[in-house]
Amino acid sequence: MFDVAVFGSLFLTLFVIMDPPGITPIFLALTSGRPVKVQKKMAFQAVCVAFGVIAVFGVVGQQILDYLHVSTQALMIAGGLLLLLVALDLLTGKTDEPKQTKDVNVALVPLGMPLLAGPGAIVQVILAVQHAGAAEQVSVWAAILAIHVVLFLAMRFSLLIIRVIKDGGVVLVTRLAGMMLSAIAVQQIVNGVTQIIRGG
């Protein structure tokens, strides 16, 4: 049975965590200089990767973490460190990776994970699936699917912005995205460390 309250609550929570509007400048920065067709493909690939990761953790996430003896706090810190490395590359303007390798990596890491399927979203989905009753599972998974559709549409139509801001604007967006991404990364690390201290 579909529960509108459960759907709305999880969708709004994931919207805040995964932040479709906020991912737009980061997506533009990471995919700049590529043909529009490739950018569209990368947006789709990133969302598919994110959904796959979220789905796996939603089904067996707690078992995976327990088996590996990894806490959710450690997951948050690791994701923050990975994002920080990407942010530093955006801020310094490093573009010395081979183009084909860069294409693959951007769609999978960091776009698919940990930007879209980050530690916060993973933990939230694990908790939502665990706490939802049998009748509420449809609402939970509908919310997960809906947020990924929104993410794809946000990145897909952000490509129209490139036609307006041109190359100079893309460079500016890249630097701003680097700053925002570094702040997100540091906040994730701080949250993870804080939770460990409180738990300890």
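Start at the second largest pocket: 23 residues line it, and Ile 17, Met 18, Gly 120, Ile 184 and Gln 188 are the ones nearest its centre. Select those five, and keep in mind as you look around that this is a predicted model. The space in this pocket comes to about 440 Å³.

Next, colour the helices that build the lining. At least two lining residues come from each of α1 (4–18), α2 (20–31), α4 (72–92), α5 (99–116), α6 (119–131) and α7 (137–199). Which helix gives the most to the lining? Select α7, which supplies five residues. If you colour the lining by class, you will find 14 nonpolar residues, eight polar ones and one charged one.

**Zoom out to the whole chain**

Show the chain as a cartoon and count: there are seven helices and zero strands. Followed along the sequence, the pattern reads α-α-α-α-α-α-α. The radius of gyration is 17 Å, close to the 16 Å that the globule rule gives for 200 residues, so the chain is as compact as a globular protein of that length. Along the principal axes, the C-alpha atoms fill a box of roughly 50 × 40 × 25 Å. Colour by accessibility and you will see that buried residues account for 41% of the 200 residues.

**Compare two helices**

Select α4 now. This helix has 21 residues and spans 31 Å from its first C-alpha to its last, close to the 30 Å expected at 1.5 Å a residue. Show its side chains, too: the buried residues of α4 are Gln 73, Leu 75, Met 76, Ile 77, Gly 79, Gly 80, Leu 83, Val 86, Ala 87 and Leu 90. As you look along a helix, remember that an α-helix has 3.6 residues a turn, so residues three or four places apart point the same way.

Then move to α3, residues 36–68. How far apart are the end C-alpha atoms of this helix of 33 residues? They are only 40 Å apart, short of the 48 Å that a straight helix would reach at 1.5 Å a residue. Click on Val 60 and look at the path of the helix there: α3 has a kink of about 80° centred on this residue.

**Stop at two loops**

Most residues other than glycine have a negative phi, and most peptide bonds are trans. The next stops depart from that pattern.

Just after α3 comes His 69, in the loop between α3 and α4. His 69 is not a glycine, yet its phi is positive, about 55°. With 73% relative accessibility, His 69 counts as exposed.

Now select Asp 19, in the loop between α1 and α2. Asp 19 also has a positive phi, about 50°, although it is not a glycine. Is Asp 19 buried or exposed? Asp 19 falls in between: it is partly exposed, with a relative accessible area of 32%.

**Look at two peptide bonds in α5**

Go to Pro 110, which is found in helix α5. The peptide bond leading into it from Val 109 is cis, with omega near 10°. Pro 114 lies in α5 as well, and the bond from Met 113 to Pro 114 is cis too, with omega near 10°.

**Finish in α7**

For the last stop, pick Thr 194 in helix α7. Thr 194 counts as partly exposed, at 28% relative accessibility. Draw a distance line from its C-alpha to that of Phe 15: these two residues are 179 apart along the chain, and their C-alpha atoms are separated by 23 Å.

Notes
Residues are numbered from 1 along each chain as its sequence is written. This is a predicted model: local features need pLDDT of at least 70, side-chain atom pairs count only at pLDDT 80 or more; totals for chains, interfaces and linings use all residues. Side-chain values use heavy atoms; hydrogens and water are left out. On a 1 Å grid over the protein atoms alone, a cavity is a set of points where a 1.4 Å probe fits but cannot get out, and a pocket is an open set with protein on both sides within 12 Å along at least five of seven lines; lining residues have an atom within 4 Å of a point. Grid points are joined across faces, edges and corners, and a volume is the space filled by probe spheres set on the points. Helices (H or I, at least four residues) and strands (E, at least two) are DSSP runs, numbered from the N terminus. Ala, Val, Leu, Ile, Met, Phe, Trp, Tyr, Cys and Pro count as nonpolar, Asp, Glu, Lys and Arg as charged, and the others, Gly among them, as polar. The expected span of a helix is 1.5 Å times one less than its number of residues. Buried means under 20% relative accessible area, exposed over 50%, partly exposed in between (1.4 Å probe, protein chains only). The bend at a residue is the angle between axes fitted to the seven residues ending there and the seven starting there. The radius of gyration is taken over C-alpha atoms; the globule rule is 2.2 Å times the number of residues to the power 0.38.
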